[in-house]
Amino acid sequence: MTNLEILCIDDGSTDWSPEILARHASEDPRIVVHGQANAGLGAARNAGLQLSTGHYIMFVDSDDRLPLDAVSLLLGSLRRTGSDFAVGKIRRFTTSESWRSALTTSAFDAQKDHTHISETPELVYDTVAVNKLFRRDFLDRIAFRFPEGVAFEDMDLIARAHLEAGGVDLLPRWVYEWRQRPDSITADRFGGSAFYDRIQALEKIHTRLGEAGLEQVRSAFLSKLINFDQMVYARSLDPANDEHLRAFADGFGGLYRRWPQASVTSPAPWHRRSPRPHEPATPTRFGPHAPGVAQAPS
């Protein structure tokens, strides 16, 4: 694509990234480089939003990859349907293997044009900014800006985008390749403040869904909380680490106390088998009809 603006935000890089960016910018007029003092991912994305001039916006993290047809697939869908943003499938990868992201649920196995989270509750799993193409006027209309200085800065923001969108396109195509690094916040589960940032994001999403009055979506979110978010951290627990055990119990215990116990489902049966080391399995059923209904985990 020639009518494309590639904004590269150098967020205080300490390696050779600025030199690499400058070389590419000198060879490709689509590339614009902006340097700033290190302020984190939210601030870098907001800087890109501020500098952008296009009618459509896509976010790409620096260590990930885009399939060659990703932008054209998403753009073609938006032009055809008039939706506010389009979403595609995510593939995780390392230097030796790749696999389907747990965030890419069965909802992505068929084309869905101009849907909404109220019609497709599994979109509660779609909590990242990177596998989407947004209309710029939609982002401006909802004052779309990332919180700064926190981890998991996109979770609540994307939930709000799904709630406020007039229509969303789901594409059964791979549009994003997300690298798994051993030193990322998704690998160091309890490092720094990241765990508490995630708990706060989940609390905000729960509040939004309650205010929206979408009970079926809240039920789907609760199932995700138990079958995905909780399990991500449960598998990282070290029984000998009292600090992590207390954080886990306090964080998820506080979330579960927000629901009547009768509405809380137990983890789905496949979580009782040996999981892949990369990610939890993705449930395909939600709410009181999900596998097993039990009281809130203690």
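These exercises work through the core, the cavity and one helix of a predicted model.

**Exercise 1. Find the residues with the most contacts inside the largest nonpolar core, and the helix that gives the most to it.**

Step 1. Take the core as a whole: it has 68 residues.
Step 2. Rank by contacts inside the core. F144 and F252 have the most.
Step 3. Turn to the helices. Helix α7, residues 215-234, gives the most, with nine residues.
Step 4. Look around F144. Leaving out residues up to four places away in sequence, F144 touches L49, F59, F134, L139, L157, I158, R160 and A161.

**Exercise 2. Locate the largest cavity and describe its lining.**

Step 1. Search the whole structure. One cavity of 30 Å³ or more turns up.
Step 2. Size the largest cavity: about 80 Å³ of space.
Step 3. List the lining: I117, L123, V124, D126, T127, I158, A159, H162, L163, I205, L209 and F221.
Step 4. Sort the lining by character. Nine residues are nonpolar, two polar and one charged.
Step 5. Assign helices. α5 (155-164) and α6 (194-212) each supply at least two lining residues. The largest share, four residues, comes from α5.

**Exercise 3. Compare the span of α6 with the expected value, then say which of its residues are buried and what covers them.**

Step 1. Check the span. The 19 residues of α6 reach 27 Å from first C-alpha to last, close to the 27 Å expected at 1.5 Å a residue.
Step 2. Apply the cut-off for buried, under 20% relative accessible area. A194, F195, D197, R198, I199, A201, L202, I205, H206 and L209 are buried in α6.
Step 3. Find the cover. It includes α5, α7 and α8 (242-256).
Step 4. Look just past the helix. G213 takes a positive phi of about 70 degrees.

Technical notes:
Residues are numbered from 1 along each chain as its sequence is written. This is a predicted model: local features need pLDDT of at least 70, side-chain atom pairs count only at pLDDT 80 or more; totals for chains, interfaces and linings use all residues. Side-chain values use heavy atoms; hydrogens and water are left out. A nonpolar core is a set of buried Ala, Val, Leu, Ile, Met, Phe, Trp, Tyr and Cys residues joined through side-chain atoms within 4.5 Å. Buried means under 20% relative accessible area, exposed over 50%, partly exposed in between (1.4 Å probe, protein chains only). Contact means heavy atoms within 4.5 Å. On a 1 Å grid over the protein atoms alone, a cavity is a set of points where a 1.4 Å probe fits but cannot get out, and a pocket is an open set with protein on both sides within 12 Å along at least five of seven lines; lining residues have an atom within 4 Å of a point. Grid points are joined across faces, edges and corners, and a volume is the space filled by probe spheres set on the points. Ala, Val, Leu, Ile, Met, Phe, Trp, Tyr, Cys and Pro count as nonpolar, Asp, Glu, Lys and Arg as charged, and the others, Gly among them, as polar. The expected span of a helix is 1.5 Å times one less than its number of residues.
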